[in-house]
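Reader: I would like to go through this model and hear the reasoning behind each label. Please set the values against the cut-offs as we go.

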Amino acid sequence: MPVMVQALVPVFALIVMGHLFRRWNFPGEGFWAQAERFTYYVLFPAMLVYKLGQARLPASAYGDILLLILAMLLVMTLVLAALQFLWRWPGPVFSSVFQGGIRFNSYVGLASAGMLLGDEGLSLIAIAVAIKVPLLNLLCILMFSVAAGQGPLRFRPVFKAIVTNPLIVGSVIGVIWSYFQIGFNPLIAGILAPLSDLALPLGLMTVGAGLQLKALRGASMPFLVSSLAKLVAFPLITAGLALLLGLEGMMVQVAILLAALPTATSSYILARQLGGDAPLMAGIISGQTLLAMLTIPLLLGILW
């Protein structure tokens, strides 16, 4: 546990620093919004190409990750549907509970995996991101269509959003680079390496800069239920599924970490665009990010 805490403290310290810098309006107006765009479209794709391109993972790893992720999403969807049957929230409220209970913050995940498990763990979680993000986008938009009354699904914009997602594009290029063992010319490596080194610290600070702590005032039952489902139930369920599927080693550690992450900051955008409860979603994002500072080391210490 002390080693785990020591590895995770820098991750959450950078999130707190980003929040404080944003509150102090440092380094200036509009900086953090542009920093987030730069991280999302440039730094993280560069890091994924560079780190995955150097990885040498067995072919079986890809199938194992896909199987486990499908099982995780299926079981957690059923759990969240059961919670909705029990509480019967209005559609927009349930849409935020659902996103809060099943989505994950990829910045925190990639940084935590790199700190705790090194480049191999970062490579595994990057592959999981490439698989899980498209599935989650489809699942959440389908849920909005059913629960929030958004009408028939339009698959063209969904497909476009998935294939142009920089994290997915970077992961796919990195996997192809690794599979064919292309390697990196020193000139290319000299460009990608410093961009890769910059991605995680800046990405974590933009997570902190995006926190809306005012949204936590008067935390409600949907917030509590969604947070317990995501930060406690999901990691426990994932550990059980990995055991049932006979998986072991670093892959199980990565899967549990993935499940234990706070929900994605992009959930707020989806809630606002598709008729969800955006203020509740902002509270869930901010609250889970803060709570994860306690729950991630505790649960990983128990389940790893």
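**Labels and the values behind them**

Author: Y179 lies in helix α7, which covers residues 166-179. The model is a predicted one.

Reader: Why is Y179 called exposed?

Author: Exposed means over 50% relative accessible area. Y179 has 61% relative accessibility, so it counts as exposed.

Reader: Which residues form the nonpolar patch on the surface?

Author: The patch is formed by V172, I176, Y179, F180 and I182, and together they have about 560 Å² of accessible area. Patch residues must have over 30% relative accessible area. Y179, at 61%, passes that cut-off.

Reader: How do you know that helix α5 is not straight?

Author: Helix α5 runs over residues 106-147 and has 42 residues. A straight helix of that length would reach 62 Å at 1.5 Å a residue, but the end C-alpha atoms of α5 are only 25 Å apart. The bend is about 145° at L117.

Reader: What makes α5 mostly covered?

Author: Buried means under 20% relative accessible area. In α5, 30 of the 42 residues are buried.

Reader: What makes N105 a cap of α5?

Author: A side-chain oxygen of N105 lies 3.1 Å from the backbone nitrogen of Y107, at the N-terminal end of α5. The cut-off for a polar contact is 3.5 Å, so this pair of atoms is within it.

Reader: How does α2 compare with its expected span?

Author: Its 24 residues should span 34 Å at 1.5 Å a residue, and the end C-alpha atoms are 32 Å apart, which agrees. Helix α2 still bends by about 45° at T39.

Reader: Why is the pair K51 and D119 called a salt bridge?

Author: Side chains of opposite charge can pair when their charged atoms come close. The definition asks for a side-chain nitrogen of Lys or Arg within 4 Å of a carboxyl oxygen of Asp or Glu. The closest N and O atoms of K51 and D119 are 3.4 Å apart, so the pair qualifies. K51 lies in helix α2 (residues 31-54) and D119 in helix α5, so the pair ties together parts that are 68 residues apart in sequence. The structure holds 1 salt bridge.

Reader: Are the two partners buried or exposed, or in between?

Author: K51 has a relative accessible area of 17%, under the 20% cut-off, so K51 is buried. D119 has 46% relative accessibility, which lies between the 20% and 50% limits, so D119 counts as partly exposed.

Reader: How do you know that S267 is buried?

Author: S267 has 0% relative accessibility, and buried means under 20%, so S267 counts as buried. The place of S267 is in helix α11, residues 267-273. A polar atom of the S267 side chain lies 2.9 Å from the backbone oxygen of A264, and a polar contact needs a distance within 3.5 Å.

Reader: What makes the backbone notable at P27, R88 and Q181?

Author: Most residues other than glycine have a negative phi, and most peptide bonds are trans. The peptide bond from F26 to P27 is cis, with omega near 5°, and P27 lies in the loop between α1 and α2. Phi of R88 is near 55°, a positive value in a residue other than glycine. Phi of Q181 is near 50°, also positive in a residue other than glycine.

Reader: Why are R88 and Q181 called exposed?

Author: The cut-off for exposed is over 50%. R88 has 58% relative accessibility, so it counts as exposed, and Q181 has 53%, so it counts as exposed. R88 lies in the loop between α3 and α4, and Q181 lies in the loop between α7 and α8.

Reader: How far apart in space are R56 and Q181?

Author: Their C-alpha atoms are 8.2 Å apart, while 125 residues separate R56 and Q181 in sequence. R56 lies in the loop between α2 and α3. With a relative accessible area of 48%, R56 falls between 20% and 50%, so R56 is partly exposed.

Definitions and conventions. Residues are numbered from 1 along each chain as its sequence is written. This is a predicted model: local features need pLDDT of at least 70, side-chain atom pairs count only at pLDDT 80 or more; totals for chains, interfaces and linings use all residues. Side-chain values use heavy atoms; hydrogens and water are left out. Patches are made of residues with over 30% relative accessible area and no salt bridge: like charges are joined within 9 Å, nonpolar side chains (Val, Leu, Ile, Met, Phe, Trp, Tyr) within 5 Å. Accessible areas come from the Shrake-Rupley method with a 1.4 Å probe; for residues, only the protein chains shown count as cover. Helices (H or I, at least four residues) and strands (E, at least two) are DSSP runs, numbered from the N terminus. Buried means under 20% relative accessible area, exposed over 50%, partly exposed in between (1.4 Å probe, protein chains only). The expected span of a helix is 1.5 Å times one less than its number of residues. The bend at a residue is the angle between axes fitted to the seven residues ending there and the seven starting there. A polar contact is a pair of N or O atoms within 3.5 Å; within protein, one must be able to donate a hydrogen and the other to accept it, and residues adjacent in sequence count only if both atoms are side-chain atoms.
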